[in-house]
Amino acid sequence: MPEPYDVITMGRIGVDIYPLQTGVPLSRVETFGKFLGGSPSNVAVAAARLGRRTAVITRTGRDAFGDYLHQALAEFGVDDRWVSAVAEYPTPVTFCEIFPPDHFPLYFYRQPKAPDLEIHSGELDLDAVRDARVFWMTGTGLCAEPSRTATLSALRARSEAPAPDVPGPPRITVFDLDWRPMFWGGEGDGGDGPARARYREALAHATVAVGNLDECEIATGEREPHAAARALLAAGPELAVVKQGPAGVLAAHRDGTTAEIPPLPVDVVNGLGAGDAFGGALCHGLLAGWDTEHVMRYANAAGAIVASRLACSSAMPFPHEVEQALADGAVGAAVGDTS
Ligand SMILES: Nc1ncnc2c1ncn2[C@@H]1O[C@H](COP(=O)(O)OP(=O)(O)O)[C@@H](O)[C@H]1O
Ligand SMILES: O=C(O)C[C@@H](O)[C@H](O)C(=O)COP(=O)(O)O
């Protein structure tokens, strides 16, 4: 039997084309950098940087940017065996504007349709999905067919899998609530509508739910962090993680333990990618079997480090960088920033 992956993520991929000048609108940007992007792909990179064996299930266009993404995944040490090409659609690109400390609008170009929404259930390696120690999916994967059915098939493969013959560490299934209303068309009303129903269906299969306040509100209708965590736990998962950007993080476990971790002080360069750094570190800490507070402190630091850097994927920290930030109680100079 093949060795299971530590982490398999499923969902979008694209090319981030980020300004190399900050504090100016796109109309005044003169030069851009090109980076692998797409939230679950960034999470796979983040976990790989922390030493985990990772793979991503996604699709690109059959084009030069698709080639670039394969090359970038290989360089980051993320297995691309489940990244296939869709002939009909181009690889998406994403621009942003960088207005520190807290305004980072994203501009997605995913028309007429993103290849990563063309993931079909019949093409999934459900044995590998079932056996992965962590499986990570996102709310965006539920926004359109066939990705929605494929994502739910993957979730079911895990939640309905029989217990292994030899008892081992529990399988962890993470639902990243990741809410991007522009991908939902008429369903992106954000209220008590179709998106929330989709989210509830997926939550029933997840063991961990993670999201920021906007995302928790879409999933549960609750915005106050403790109420949102309670509502997430009631929907299925055993661990609920409420990210609060510069206000840190709250985690609540079904066993009654909670952890509220303040942010590490940081000079913010670009807050984009912090959530994905947090996610990769969350996978790493859960796999290590650390207690909830330790996991949250570690993930908090990883998020703060990426907030201090320009890029997302190439800015993901190595273990010594997270450990240094934790020891210092702050994020220092951008040592090791390859962005
Ligand atoms: N400005 C910041 N200062 C310190 N920590 C931050 C900052 N921004 C993000 N983080 C850390 O990264 C985590 C994820 O960031 P957040 O912005 O909440 O996620 P998302 O990008 O998914 O919205 C936060 O919970 C926090 O731990
Ligand atoms: O998630 C996306 O598709 C946008 C990414 O390409 C980009 O890297 C990013 O903004 C990640 O930010 P986060 O999800 O807020 O961590």
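The following exchange concerns selected helices, strands, a loop residue and a ligand shell in a predicted model.

Author: In this predicted model, local features need pLDDT of at least 70 and side-chain atom pairs count only at pLDDT 80 or more, while totals for chains, interfaces and linings use all residues. Residues are numbered from 1 along each chain as its sequence is written, and chains are lettered from A and ligands numbered from 1 in the order in which they are written.

Reader: Why is Gly23 called exposed?

Author: A residue is exposed if 12 or fewer other C-beta atoms lie within 10 Å of its own, buried if 20 or more do, and partly exposed in between, with C-beta atoms placed from the backbone. Gly23 has 11 other C-beta atoms within 10 Å, and is therefore exposed. Gly23 belongs to the loop between S2 and S3. Beyond its neighbours within four places in sequence, Gly23 is in contact (C-beta atoms, placed from the backbone, within 7 Å) with Ile98 and Phe99.

Reader: How do you know the span that is expected of helix H2?

Author: Helices (H or I, at least four residues) and strands (E, at least two) are DSSP runs, numbered from the N terminus. The expected span is 1.5 Å times one less than the number of residues. H2, residues 64-76, has 13 residues and reaches 18 Å from its first C-alpha to its last, close to the 18 Å expected.

Reader: What makes the buried residues of H2 line one face?

Author: Those residues are Gly66, Leu69, Ala72, Leu73 and Phe76. Seen down the axis of H2, they fall within an arc of 120°, so they line one face of the helix; the arc is that of the directions from the helix axis to the C-beta atoms. On the other side of H2, Ala64, Gln71, Ala74 and Glu75 are exposed.

Reader: Why is S4 described as largely enclosed by the rest of the structure?

Author: Eight of the eight residues of S4 are buried, so the description follows.

Reader: What makes S1 and S4 a pair?

Author: Two strands pair if DSSP finds at least two bridges between them. S1 (residues 7-10) and S4 have four bridges, in the parallel sense, and Val7 stands opposite Thr54 in S4. S4 and S5 also run parallel, joined by two bridges; Ala55 has Asp79 in S5 as its bridge partner.

Reader: Which residues are the closest to ligand 2?

Author: Gly37, Ser39, Leu272, Gly275 and Cys312 are the closest of the 15 residues that surround ligand 2, where a residue counts as near if its C-beta atom, placed from the backbone, lies within 6 Å. H8 gives the most to this shell, with three residues.

Key. Contact = placed C-beta atoms within 7 Å.
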